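Let's work through some exercises together. Keep the viewer open and try each task before you read its solution.

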Amino acid sequence: MQLTGPEVGGTALSVSSPALVGSDIYFLAGDLGADGLGFVGTNSAVYRLPCPCATFPAGACDASLPRAGFDLPVRLTDPENLEFHDLVSTGSGLMGMVMARGVGRPVRVSTAGDVTFLDLPTGTSVAALGASGDVLVGAAVTATSPGELVRLGDTPAVLTDFGAALRAAAPPLPTRELISTSPDGQEIQGWVVLPEGEGPHPVILQIHGGPYAQYAPGFFDESQVLARAGYAVVYCNPRGSASYGQAFGRTIQGDFGNLDRVDVMAFLDHALATVPGLDASRVGVQGGSYGGYLTAWLIAHEHRFSGAIVERAFLDPRSFVGAADIGWFFTHAYNTADPATMDAQSPLLLAGQVKTPTLVLHSEQDLRCPLGPALRYYTELKLAGVETEMLIFPGENHELSRSGTPWHRRQRFEAILAWWEGRL
């Protein structure tokens, strides 16, 4: 839902999670600016709107009533450093979920906008909230499960054990947090999942999509599958990622492949230097969507990798405009509307610089990052003499790795493991 026009101060608000507390309506909204296109690195804040229905007799409030005289919504929290993702009303007030440093944290929100963080079980990250009276629960990723229900509040507890069968079949390997420092002094948070044994282990640098998204310290099937197969998995949240504030997320705007590349490489080097058992002579890189972009960008500039997997990638800003289902404005906001600047951020146009063996994975019905540029990228690699393969999944879309058919998700993992077995 979007509110726009003079009734919200001449700006466009992207609205979600309405909650009624007393006679006031609270909701989350991201301020998209006067043109409604300011989405890059934009966090949702908590707003309050005095309920207009409170001034009318019961049953008299409907869409035909005049809007003149209604109060404007008031922003209660600062979106610069508080990234709200959910809001619910409980018997005692207002509760929300804030993304902070990769973790979804439950918070209590006062009517004045004061925010109090609540405790969570160790290794837990909340994805969504639900409430009944004063009972607040969350859907959460834990250190050992991809999804459980968690009671939140003064005595948090994990209520379910949906991950029991998974743990019995393959006990999750622990995740270790690292903090690296990029050459300009920027600190970057990330994690390493190690296989069993002393090593030395081959290493896979994994890069998330988005770019305004984030990795988290909890259970992640991608890392667990690779680590169980004998690879040390290194992943971080470089500049451009979410959950570190709006300024951090906007740093790469108009400049893909610069500071984000610096951050992931600095984090990789930090992991290789400080984590025992990593083999710096056997390192691969992989990523999907924006992560596929940065993977393709890295291998056009770095020739230290033994192999790469470029998956469902955003490969060429100019051909993305008008072709992707996300809308024409995405590329203009992130890579600018200037053709020369867009081309300067295109890994497709740098395919001739690649020397790294590369597997290109894509889905036939991907409308977010359409198949055409991936076919072009694969072909350019072949023409440049690069060792490369391409695998296209019929009937699947951009969400293959998360919500694709079970047999295709398994075949995808089998293809990834076969590729790395041959290169690492």
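**Exercise 1.** Which side chains of strand 11 point to one face and are buried, and which point to the other?

*Solution.* This is a predicted model, where local features need pLDDT of at least 70, side-chain atom pairs count only at pLDDT 80 or more, and totals for chains, interfaces and linings use all residues. Residues are numbered from 1 along each chain as its sequence is written, and side-chain values use heavy atoms, leaving out hydrogens and water.

Step 1: find strand 11, residues 135–141 (strands are DSSP runs of E, at least two residues, numbered from the N terminus).
Step 2: sort the side chains. Leu136, Gly138 and Ala140 share a face and are buried (under 20% relative accessible area, 1.4 Å probe, protein chains only). Val135, Val137, Ala139 and Val141 point to the other face and are not buried.

**Exercise 2.** Which residue of strand 12 stands opposite Gly138? Explore the neighbours of strand 11 too.

*Solution.* Step 1: look at strand 10 (residues 125–132), which runs antiparallel to strand 11 and is joined to it by seven bridges (strands pair if DSSP finds at least two bridges between them). Here Leu129 has Gly138 as its bridge partner.
Step 2: inspect the turn. The hairpin of strand 10 and strand 11 has two residues between the strands, and Gly133 takes a positive phi near 65° there.
Step 3: move to strand 12 (residues 148–152), antiparallel to strand 11 over five bridges. Val150 is the residue opposite Gly138. Six residues lie between the strands of this second hairpin, formed by strand 11 and strand 12.

Conventions. Buried < 20%, exposed > 50% of the residue type's maximum accessible area, 1.4 Å probe, protein only. Helix = DSSP H or I, 4+ residues; strand = E, 2+ residues; numbered from the N terminus.
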